[in-house]
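Please read the points below alongside the sequence and the coordinates. They are set out in the order in which a colleague might wish to check them.

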Amino acid sequence: MKRIKINFKRLSLNLIFIICITIVFAVFINEKEYKKENFEIKYENYVNKHAEKYNVDKYLVYAMMKQESHFNKDAVSVDEARGLMQITEDTFNWLKFRLGDKDTTFDDMFDPDTNIKYAIYFISLLQERFPHRKTITAAYNAGMNITSKWLKDSKYSKDGVTLHYIPYKETEKHVEIVENNYKKYKELYDL
């Protein structure tokens, strides 16, 4: 019978290598799953349907929805903005008129499909007016008219197209958070 000679040093190194690769892979998978738990996708059918119809980046919608309501369809802000995308009554009425919608009421902003439809339609109107994502986000938060004024003021915009400084701290923070959310959603889901 022939004896098999085992190189224990080589076997040990190979085993250590396999264990290390397994650990690295497990950490990577767990980190990605952790991020997906914190950057979840909800209401995907509604978002996809309306984002496609109005040509809006769905990852921007998720980034805003996460910041606006943390995916709580019953959310109400101190300003009485409602639903997933936090639409105020004034914005609702303006959008309702633009959409030619006679049946929807402000209470319907608690309905995920309706709220997402109105919000995405609003974002599509902002896209027509403002070419940059951060400016669109600022306008969604602070309003179109004030954002347009900021763009005309050299203190806030050097080129009249991009905001270089946002004078409202709440809006500045909102834009920063939505931008971070957007980048995470793209990283995790735009494969």
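The numbered points go from the overall fold to single helices, a helix pair and one loop residue.

1. The model under discussion is a predicted one, and its protein chain holds 8 helices and 0 strands. Read from the N terminus, the order of elements is accordingly α-α-α-α-α-α-α-α.

2. As to burial and contacts over the whole chain, 37% of the 191 residues count as buried. Among contacts between residues at least 6 apart in sequence, 57% join residues that are at least 24 apart.

3. Helix α5, residues 112-129, has 18 residues, which at 1.5 Å a residue should span 26 Å, and the distance of 26 Å between its end C-alpha atoms agrees with this. Of these 18 residues 13 are buried, and α5 is therefore largely enclosed by the rest of the structure.

4. Helix α2, residues 44-54, packs with α5 in such a way that the two axes come within 9 Å and cross at roughly 30°. Because angles under 35 degrees count as roughly parallel, α2 and α5 are described as roughly parallel to each other, and their crossing is right-handed. On the α2 side the contact is made by Tyr 46, Val 47, Lys 49, His 50, Ala 51 and Tyr 54, while α5 contributes Pro 112, Asp 113, Ile 116, Lys 117, Ile 120, Tyr 121, Ser 124 and Gln 127. Sorted by character, the residues of this contact comprise 8 nonpolar, 3 polar and 3 charged.

5. Which residues does Phe 110 contact, leaving aside its neighbours within four places in sequence? Phe 110 lies in the loop between α4 (89-99) and α5, and there it is in contact with Lys 73, Asp 74, Ala 75, Val 76, Arg 82 and Gly 83. The C-alpha atoms of Phe 110 and Lys 73 are 5.7 Å apart in space, although the two residues are separated by 37 residues in sequence. Because its relative accessibility is 25%, Phe 110 counts as partly exposed.

6. Helix α8, which covers residues 169-189, has 21 residues and should span 30 Å at 1.5 Å a residue, a value with which the 30 Å between its end C-alpha atoms agrees. The buried residues of α8 are Thr 171, His 174, Val 175, Val 178, Glu 179, Asn 181, Tyr 182, Tyr 185 and Leu 188. When reading such a list, it helps to recall that an α-helix has 3.6 residues a turn, so residues three or four places apart point the same way.

Definitions and conventions:
Residues are numbered from 1 along each chain as its sequence is written. This is a predicted model: local features need pLDDT of at least 70, side-chain atom pairs count only at pLDDT 80 or more; totals for chains, interfaces and linings use all residues. Side-chain values use heavy atoms; hydrogens and water are left out. Helices (H or I, at least four residues) and strands (E, at least two) are DSSP runs, numbered from the N terminus. The expected span of a helix is 1.5 Å times one less than its number of residues. Buried means under 20% relative accessible area, exposed over 50%, partly exposed in between (1.4 Å probe, protein chains only). Axes are lines fitted to C-alpha atoms, for helices over the stretch in contact, and angles run from 0 to 180 degrees between N-to-C directions. Angles under 35 degrees count as roughly parallel, over 145 as roughly antiparallel, 65 to 115 as roughly perpendicular and the rest as oblique. A crossing is left-handed if the near helix is turned anticlockwise from the far one by less than a right angle, and right-handed if clockwise. Contact means heavy atoms within 4.5 Å. Ala, Val, Leu, Ile, Met, Phe, Trp, Tyr, Cys and Pro count as nonpolar, Asp, Glu, Lys and Arg as charged, and the others, Gly among them, as polar.
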